[in-house]
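Here's a quick briefing to read with the structure open beside you. Have a look at the model first, then work down the bullets.

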Amino acid sequence: MTVPTVAPYDAVLLLSFGGPEQPADVLPFLENVTRGRGIPRERLESVAEHYHPFGGRSPINDQNRALLAALRSELDARGLDVPLHWGNRNWDPYLLDTLRQARADGARRICVIVTSAYSSYSGCRQYREDLAAALIGLAGEVGSEDLPAVDKIRHYFNEPGFVAANADAVLAGLARLPWGSRIAFVTHSVPTAMNDTAGTEGGRYESQHRDVAAAVAAAVAERLGATPGWDLVYCSRSGPPSQPWLEPDVNDHLRGLKDAGVPGVVVAPIGFISDHMEVVYDLDTEARETAEEIGLPFVRAATVGTDPRFVAGLVDLVLERAAQARGEAPEQPTAGEAGPSWAVCPAGCCRNLRGDRPAACGVDWAGPLAAGTAQTAAAR
């Protein structure tokens, strides 16, 4: 029997977005998120109010701690005694600090799990840019020759465990509603220009969500014996009104369902792996209030969180990536029609519309020394 191994990796890194842990953190966190984008202070203060009902604390860090514990248990159950680290892009523990500690602990090649399942600039390339920036920063401390190498797993939007967990959550929601209720699959809206550059050919953000929604609906139909009606809708739009974003907004969609005589709706946040602020505020608060106002029966389906099938799927993807790094060609199971995505991103994938920046884990990643030189030259 083949013994599973994560070799050549000697560490695994969970890379996430980050979030404030107390009221004093909220505005500094939002400033980190929006730095360089010219967002007015009054807009940040308006968004900060979303955190007040929750004690000024985002749920995301606690959810990452729970996911880390679940990943640790799954790795241990498989006999994979590999160090597991956690770093954030926008709040403590910051990615650079985590990479510094991982290196000090002896990590020389790290496999990264990003807490974003889909292709887009904000959901993939921006994480890769932050990885590159952290590696460049660490190279300035220890030299580029003594840095850990970093790879990532492929996008896991259509990983079978992710789809199965979402299908069960939708079924549980439909069971609480009248027959004939619809599913509103929800994800974070992005500017249409960002969707147009998602992937290499464009449109992958929306198409991947539609593929997952169809796969979840098919799994639900198999259990129900009937195919439920469903739609893909969006939440958390920001930016100026003149800038087109993906639509429809979930609140507008709920009003449309009511007008159409739909008896109820399950809101399924397939765009999120856990109950982020966008879920607990935009859906559990705003969308629920909209549904109550118009008299539409409403259930919010659970996110996958630490569902054992999802956690096992992430570990499977680490093992898959390790096999690829060893030059093997492992099986790549997927649900839906899209097939497996790439782990090494092609050149120009999910382009940064504000200008090119070094991005790790892609074919165009030249490494910290060359990237740092290019970045310094660009800044002059």
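What follows is a short tour by topic.

Keep in mind that this is a predicted model. The main stops are an open sheet of four strands, a nonpolar core of 60 residues and a pair of packed helices, α3 and α11.

**The four-stranded sheet**

- The strands line up in the order β6-β5-β7-β8, with parallel pairing, and the sheet is open.
- β6 (230–235) and β8 (298–300) sit at the edges with a single partner strand each, so one side of each has no neighbour in the sheet.
- On average, neighbouring strands here are turned by 25 degrees against each other, ignoring direction.
- Six bridges hold β5 (residues 182–188) and β6 together in the parallel sense. If you want a spot to zoom in on, T187 has Y234 in β6 as its bridge partner.

**Helices on that sheet**

- Helix α8 (residues 204–224) packs on the sheet and touches β5 and β6, its direction making about 135 degrees with that of β6.
- Helix α10 (residues 277–294) packs on the sheet too, touching β5, β6, β7 (265–268) and β8. Its direction makes about 175 degrees with that of β8.

**Nonpolar cores**

- Which residues touch the most other members of the largest nonpolar core? Those are L71 and F185, out of 60 residues.
- Setting aside neighbours within four places in sequence, F185 has a long contact list: V170, A213, V216, A217, W230, D231, L232, V233, A268 and I270.
- There's also a second, separate core of 21 residues, with A102, V114, L138 and L147 among them.

**Strands β1 and β2**

- β1 (residues 11–16) runs parallel to β2, and five bridges join the two. Along this pairing, L15 stands opposite G87 of β2.
- β2 (residues 84–88) is mostly covered, with five of its five residues buried.
- Side chains in a regular strand alternate between the two faces of the sheet. In β2, L84, W86 and N88 point one way, H85 and G87 point the other way, and all are buried.

**Where α3 meets α11**

- Helix α3 (residues 60–77) packs against helix α11 (residues 308–325) at an angle of about 65 degrees, and their axes are 10 Å apart.
- The crossing of these two helices, α3 and α11, is right-handed.
- On the α3 side you'll find L67, A70, L71, E74 and L75, which meet F310, V311, A312, L314 and V315 in α11.
- What's the make-up of the α3 contact with α11? Nine residues are nonpolar, none is polar and one is charged.

Definitions and conventions
Residues are numbered from 1 along each chain as its sequence is written. This is a predicted model: local features need pLDDT of at least 70, side-chain atom pairs count only at pLDDT 80 or more; totals for chains, interfaces and linings use all residues. Side-chain values use heavy atoms; hydrogens and water are left out. Two strands pair if DSSP finds at least two bridges between them. Axes are lines fitted to C-alpha atoms, for helices over the stretch in contact, and angles run from 0 to 180 degrees between N-to-C directions. Contact means heavy atoms within 4.5 Å. A nonpolar core is a set of buried Ala, Val, Leu, Ile, Met, Phe, Trp, Tyr and Cys residues joined through side-chain atoms within 4.5 Å. Buried means under 20% relative accessible area, exposed over 50%, partly exposed in between (1.4 Å probe, protein chains only). A crossing is left-handed if the near helix is turned anticlockwise from the far one by less than a right angle, and right-handed if clockwise. Ala, Val, Leu, Ile, Met, Phe, Trp, Tyr, Cys and Pro count as nonpolar, Asp, Glu, Lys and Arg as charged, and the others, Gly among them, as polar.
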